[in-house]
There are 4 protein chains.
Amino acid sequence: MEATETAKLEATETARLEAFSDGVFAVAITLLALDLRAPVQKDVLNAHGLAGALAGEWPQYLAYALSFLSILIMWVNHHHLFIVIRRTDHFFLLLNGFLLMVITAIPFATNVLSVYLVGSEKQTAQVMFSGVYLLMAITFNAMWRYASAGKRLLGDRIDVRKVQDITRQFRFGPILYLAAFGLAFASAVASLALCVLLAVFYALPSSITRAMHD
Amino acid sequence: MEATETAKLEATETARLEAFSDGVFAVAITLLALDLRAPVQKDVLNAHGLAGALAGEWPQYLAYALSFLSILIMWVNHHHLFIVIRRTDHFFLLLNGFLLMVITAIPFATNVLSVYLVGSEKQTAQVMFSGVYLLMAITFNAMWRYASAGKRLLGDRIDVRKVQDITRQFRFGPILYLAAFGLAFASAVASLALCVLLAVFYALPSSITRAMHD
Amino acid sequence: MEATETAKLEATETARLEAFSDGVFAVAITLLALDLRAPVQKDVLNAHGLAGALAGEWPQYLAYALSFLSILIMWVNHHHLFIVIRRTDHFFLLLNGFLLMVITAIPFATNVLSVYLVGSEKQTAQVMFSGVYLLMAITFNAMWRYASAGKRLLGDRIDVRKVQDITRQFRFGPILYLAAFGLAFASAVASLALCVLLAVFYALPSSITRAMHD
Amino acid sequence: MEATETAKLEATETARLEAFSDGVFAVAITLLALDLRAPVQKDVLNAHGLAGALAGEWPQYLAYALSFLSILIMWVNHHHLFIVIRRTDHFFLLLNGFLLMVITAIPFATNVLSVYLVGSEKQTAQVMFSGVYLLMAITFNAMWRYASAGKRLLGDRIDVRKVQDITRQFRFGPILYLAAFGLAFASAVASLALCVLLAVFYALPSSITRAMHD
């Protein structure tokens, strides 16, 4: 196979991988909102009116906003990675597939958290919620390590310094989410606060993009 | 990094941003229809038959058509903006992400409106509904202002007059939706009528496109 | 604006229109399957077992298969049209948006039909079902007439004979679906049978594609 | 029609077919997770707590993971096929449409399996589940046979040996899923175990990709 044909073949493969992933990200992020429904419990409505009933759904809004922001950041990261990742292979497709599976599990974890955030079971809900996020951070890291090791799946003209920058940026994700996961066993509220902090922190422009736009 | 490579990199970034946004728009606009279900309330069916029960669901159809048209117009606008916006940066990705979050909240606001449009709680429902639309108009404006300020994210060969035209078109959106939001506190029906008028007005070909096709 | 830039601009506009439409088609066609659920009615399960309960859901399967095939054919047609349609304008975007709104209403009409296909209300359900299909055929025709009139939105190098072939193929759609709609007032079963026949007929390779591949 | 224009036309047709299919794959794979919901049955929660209630939903997780992996593998295969398939015709569009219909039926079959995996009706559920998978394998095979017969829809510069490799890889899919389907009548658990084995086997990098990357 000639070099140019190989290059085109690789471009096609990455393109469909990105398109498929974009589709899953887009559906998962939109499905989060499916849990937001008009309140219909007669007793709550009678006691507090619609405004009160809507306000009483704050755990849903918090969980929704947090999960939306988190999936959005994951998408931004995914998008950034595929600026430097230019090739794909079977194992990488599976890793990416596993990442997508974790992403599609986020609406579930968000649903559990929003139902149980207020009450005695909040700890179990937060253990599960932060566990899914930990899994996401680990999978993302594994993808990057696999793709960048020996420049296995990187483009030919990628700057070594950029690769090191991304590696440095990625180093702490799993550790920080492991901390949030561990903290959930001690305090659900503290663990959730850490998850919020991490989402806001990763949303700040100082993250990966800095290395990208040097 | 060479100029051509930068250009290609930017094209790729905008392409995935548009593809992801298209995905969210497409899912959100289709999910609106999930609320449309066969009526199954035995008492309504016995009293009015299926035709009567379907006709009795008119608030759902009105809210559905209004929200569909509004999301469609947002998509058309998004589409038009990205003819002139050619670059992206981290903050703009977040702004766009926030816009998508507001878009995905529209099915929720539509659901609340369609459930409470008839009855004593219509005012709260319309305050919320018009509030989401106000937020959408503000976010869209912020995106355009951020992208166009100093031609920050515009293509190099964009006509200054076109930018001014778009800016002029966008100026009144937030003010008009603020009026609809304020009106909701006085009269839900008047506020909803204004929302319908605005959607129809923005759907008219005289809007942004005129500037585009000069 | 130079000719090449205009051409590129038009290509971009059609590309996003197609991508967005593909998204809506894909979501709508997949959402059809959301109505297919494990039967959970205890009395049916006790009397007939799971196999009997699943078999008893045949109206759902019929409505699902018919709607899936119909949306698929619409997508194939849409796809074929955009081989010759190369430009877009504001009014055409709205027409296409209205088509998508009708497409997203199909899962609703399908749901109503599958719930009421067996029973005394089947006529109302079929009037609604065939009415949505009639609307779809009319909208599709309007799109083609608007785009092809004076070659308004067609590519520059399109063969006149091809345009005539498509126009001929499209001529009978609205009339045939009008017949199905009218028939629904006389016999729901006959009208539904005609809808099935039309879907199968349009799925046959003799349709538009023949003109395409001459 | 000139050769270059034909080539471009074909590229466009395959591109939209792939984009539409990607959309359906992405929505179907994400909808699988819609069944994963916070447990709300009071008696289960009182007896076992949230952790116990979540753990008790293991049939859902198993069915979810299995179906996710299976749809993912189908997507990878689809993706691989379209590296060599470069043209399309009306019949192939219909075959691909039928494949997508089977794919969208998987969340239904998964839902039935997860509800009835524990209990006396597991056999019926597994007959249905494996039946859908058998249908998927047959359809995929039919697509490949139709496309590759006489190189009907293959690119002009495709290596004959590669075509033979894919044909060899595809030969056993329908037979193995037929075995799983037949086994379901004898033992639901054995049939399900075979389905899991097949999914894991096809996920191994030794499959199609080996032939692809020779």
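Visitor: Over which residues near 207-214 of chain A does pLDDT stay under 50, and how many contacts beyond four places in sequence does the model have for them?

Guide: This is a predicted model, and confidence is the place to start. Where pLDDT is low, the predicted coordinates should not be read in detail. In chain A, pLDDT stays under 50 over residues 207-214, and the model has 14 contacts beyond four places in sequence for that stretch. Residues 1-9 of chain A also stay under 50, with 2 such contacts.

Visitor: In which helices of chain A is confidence lowest and highest?

Guide: Helix α8 of chain A (residues 208-212) has the lowest confidence, with a mean of 44, and helix α5 of chain A (residues 122-148) has the highest, at 91. Across chain A the mean pLDDT is 82, and 89% of the residues reach 70 or more. For the complex, the predictor gives an ipTM of 0.79 and a pTM of 0.84.

Visitor: What turn and what shift lay chain A on chain B?

Guide: Two copies of a chain are related by a rotation about an axis and a shift along it. Here a turn of 90° with a shift of 0.0 Å along the axis lays chain A on chain B, at an RMSD of 0.0 Å. The two copies are therefore related as by a four-fold rotation axis. They use different surfaces, and 11% of the contact residues of chain A recur in chain B.

Visitor: How many residues does each of chain A and chain B put into the contact?

Guide: Chain A gives 27 residues and chain B gives 28 residues. On the side of chain A that touches chain B, α1 (3-31), α2 (42-55) and α3 (58-84) of chain A each supply at least two residues. The most come from α1(A), with 9 residues. By class, that side of chain A has 19 nonpolar, 5 polar and 3 charged residues.

Visitor: And how many residues of chain B are in contact with chain C?

Guide: There, 27 residues of chain B are in contact with 28 residues of chain C. The largest share of the side of chain B that touches chain C is that of α1(B), at 9 residues. This side of chain B divides into 19 nonpolar, 5 polar and 3 charged residues.

Visitor: Turning to helix packing, at what angle do α5 and α7 of chain B cross?

Guide: Two packed helices are described by the angle between their axes and the distance between the axes. The axes of α5 (residues 122-148) and α7 (residues 173-186) of chain B cross at roughly 165° and come within 8 Å. That angle makes α5(B) roughly antiparallel to α7(B). The crossing of α5(B) past α7(B) is left-handed. Residues of α5(B) in the contact include Val127(B), Leu134(B) and Phe140(B), while those of α7(B) include Tyr177(B), Phe181(B) and Phe185(B). The residues of this contact comprise 13 nonpolar, 6 polar and no charged.

Visitor: Are α5(D) and α8(D) roughly parallel or roughly antiparallel?

Guide: In chain D, the axes of α5 (residues 122-148) and α8 (residues 188-203) cross at roughly 30° and come within 9 Å. The two helices are therefore roughly parallel to each other. The crossing of α5(D) past α8(D) is left-handed. Lys122(D), Gln123(D), Gln126(D), Ser130(D) and Tyr133(D) of α5(D) make the contact with Ala188(D), Ser191(D), Leu192(D) and Cys195(D) of α8(D). The classes in this contact are 4 nonpolar, 4 polar and 1 charged.

Note on methods
Residues numbered from 1 in each chain as written. Chains lettered and ligands numbered in written order. Predicted model: local features only at pLDDT ≥ 70, side-chain atom pairs only at ≥ 80, totals over all residues. Least-squares fit on C-alpha atoms with pLDDT ≥ 70 in both. Contact = placed C-beta atoms within 7 Å. Axes fitted to C-alpha atoms, helices over the stretch in contact; angles between N-to-C directions. Helix = DSSP H or I, 4+ residues; strand = E, 2+ residues; numbered from the N terminus. Parallel < 35°, antiparallel > 145°, perpendicular 65-115°, else oblique. Left-handed = near helix turned anticlockwise from the far one by under 90°. Nonpolar A, V, L, I, M, F, W, Y, C, P; charged D, E, K, R; others polar. pLDDT = per-residue confidence, 0-100.
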